[in-house]
Amino acid sequence: MQDLYDRLKYFGIKVFNLVIIVAALVMFSSWAAKANAHDQMVEEQIAAAERAANRGDYTTDGTFEGSAQGYGGPVKMQVVIENGYIESVTILDASKEDEAWLDMCVGLPDEIVKAQTTSIDVVSGATYTSAGILNGTTEALQKSLAGEAS
């Protein structure tokens, strides 16, 4: 009987230790996620402060349009420049593009804004459509650099 009691006691200690380890891992994971979110927020605040203090690379502020050949036809893009920075990138018309490939590229405008350049990777599997988006955006950005009126 004592042997069974010792075994159960030993098992209970192991279960208790396991519960403590799992609880510590869950708490650490929660802390790490919060710390990561906080770091990202701080990075965004720093970028916003830098943008407010400095003029960006693009010469002329305003709204510019450009177009380039995608897979199915021309892709028309619109870029808004404020204080020399790319504020927004919008696909105005890609009606001749295959919808599945276009859907794969929906994140490209946000990536361009985040990177402040069109020197980013094309989307694998939608190479020509994403190239049309990037090249159309580049054409619009070149109009800002050339000082063309919006």
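Which pattern does the protein chain follow when read along the sequence? In this predicted model, the order of elements is α-β-β-β-α-α-α, made up of 4 helices and 3 strands. The radius of gyration of the chain is 26 Å, against a value near 15 Å for a compact globule of 150 residues. At the level of single residues, Glu97 is buried and has no salt bridge.

**Overall dimensions**
- Taken along the principal axes, the box filled by the C-alpha atoms of the protein chain is roughly 90 × 40 × 20 Å.

**Burial, surface and contacts**
- Of the 150 residues in the protein chain, 27% are buried.
- The exposed area of the protein chain is about 10000 Å², of which 58% comes from carbon and sulfur atoms.
- Among contacts in the protein chain with a separation of 6 or more, 54% join residues that are 24 or more positions apart.

**The surroundings of Glu97**
- Glu97 belongs to the loop that runs between β3 (85–93) and α2 (99–104).
- For the buried Glu97, the nearest side chain of opposite charge is that of Lys96, at a distance of 9.7 Å.
- A polar atom of the Glu97 side chain lies 3.3 Å from the backbone nitrogen of Gly73.
- Beyond its neighbours within four places in sequence, Glu97 is in contact with Gly70, Tyr71, Gly72, Gly73 and Val75, as well as with Thr129.
- Gly73 thus appears both among the contacts of Glu97 and as the residue whose backbone nitrogen lies 3.3 Å from a polar atom of that side chain.

Technical notes: Residues are numbered from 1 along each chain as its sequence is written. This is a predicted model: local features need pLDDT of at least 70, side-chain atom pairs count only at pLDDT 80 or more; totals for chains, interfaces and linings use all residues. Side-chain values use heavy atoms; hydrogens and water are left out. Helices (H or I, at least four residues) and strands (E, at least two) are DSSP runs, numbered from the N terminus. Buried means under 20% relative accessible area, exposed over 50%, partly exposed in between (1.4 Å probe, protein chains only). Lys and Arg count as positive and Asp and Glu as negative; His and the chain ends are not counted. A salt bridge is a side-chain nitrogen of Lys or Arg within 4 Å of a carboxyl oxygen of Asp or Glu. A polar contact is a pair of N or O atoms within 3.5 Å; within protein, one must be able to donate a hydrogen and the other to accept it, and residues adjacent in sequence count only if both atoms are side-chain atoms. Contact means heavy atoms within 4.5 Å. The radius of gyration is taken over C-alpha atoms; the globule rule is 2.2 Å times the number of residues to the power 0.38. Accessible areas come from the Shrake-Rupley method with a 1.4 Å probe; for residues, only the protein chains shown count as cover.
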